[in-house]
Amino acid sequence: EVKRQVSSNDILLCTAASRTGALDLPYDGDKGWNDDDVSNNSLSAVKAQFEAITEASKSLKKRNDKLSANLTIQNGGYVKRANALQEEQRSLFADLQNTIIEKAVYAKLLSNESRAVPTRILK
């Protein structure tokens, strides 16, 4: 048995063959799939197609994992920088919220004191 490298082009050829009906199994609407009419050739063609697609998907997964690892290495610095900037932004937003709250508290305190000071002076 000779094995060869399966490419994504093989998947396209196999799926195109399926769409054109080259590998379709006989189907009777009332009875379902008719196994009696299936020849050994069409079964072997379906098995071959399945094996080709399985090998191609494994090959594509391996290539995808390798590309993903390379992108992680290339963009790792940008990811760290983005995370640091995001954390700094969260911190600044929290500081802004605290400042707004403090401003409201001191404004209320000023308002209360401005009403209370004249009464303290008169006593």
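**Salt bridges and exposure**

Mentor: Let's start in helix α2, where R90 and E87 sit 3 residues apart, about one turn of the helix. Keep in mind that this is a predicted model.

Trainee: What makes the contact of R90 and E87 a salt bridge?

Mentor: Their side chains come to 3.4 Å, N to O. The cut-off is within 4 Å for a Lys or Arg nitrogen and an Asp or Glu carboxyl oxygen, so the pair qualifies.

Trainee: And why do such side chains pair at all?

Mentor: Side chains of opposite charge can pair when their charged atoms come close.

Trainee: Is R90 buried, partly exposed or exposed, and how do you know?

Mentor: R90 has a relative accessible area of 48%. Buried means under 20% and exposed means over 50%, so R90 is partly exposed. E87, at 47%, is partly exposed by the same reasoning.

Trainee: How many salt bridges does the whole structure hold?

Mentor: The search finds 3. Another one joins D65 and K61, with N to O at 2.9 Å. These two residues also lie in helix α2, 4 residues apart, about one turn of the helix.

Trainee: What exposure class does D65 get, and why?

Mentor: D65 has 40% relative accessibility. That value lies between the 20% and 50% limits, so D65 counts as partly exposed.

Trainee: Which residue does E113 bridge to, and what makes that a salt bridge?

Mentor: E113 pairs with R120, and their closest N and O atoms are 3.0 Å apart. Since the limit is 4 Å, the pair passes.

Trainee: Why do E113 and R120 get their exposure labels?

Mentor: E113 is partly exposed because its 31% falls between the two limits. R120 has 53%, which is over 50%, so R120 is exposed.

Trainee: Which residues make the nonpolar surface patch?

Mentor: I101, V105, Y106 and L109 make it, and the patch covers about 420 Å². Y106 is found in helix α2, which spans residues 40–122.

Trainee: Why is Y106 called buried or exposed?

Mentor: Y106 reaches 55% relative accessibility, over the 50% limit, so Y106 counts as exposed.

Trainee: How does the chain look as a whole?

Mentor: The protein chain has 2 helices and 2 strands, in the order α-β-β-α from the N terminus. Buried residues make up 9% of its 123 residues. The chain exposes about 10900 Å², with carbon and sulfur atoms supplying 57% of that area.

Methods. Residues are numbered from 1 along each chain as its sequence is written. This is a predicted model: local features need pLDDT of at least 70, side-chain atom pairs count only at pLDDT 80 or more; totals for chains, interfaces and linings use all residues. Side-chain values use heavy atoms; hydrogens and water are left out. Buried means under 20% relative accessible area, exposed over 50%, partly exposed in between (1.4 Å probe, protein chains only). Accessible areas come from the Shrake-Rupley method with a 1.4 Å probe; for residues, only the protein chains shown count as cover. Patches are made of residues with over 30% relative accessible area and no salt bridge: like charges are joined within 9 Å, nonpolar side chains (Val, Leu, Ile, Met, Phe, Trp, Tyr) within 5 Å.
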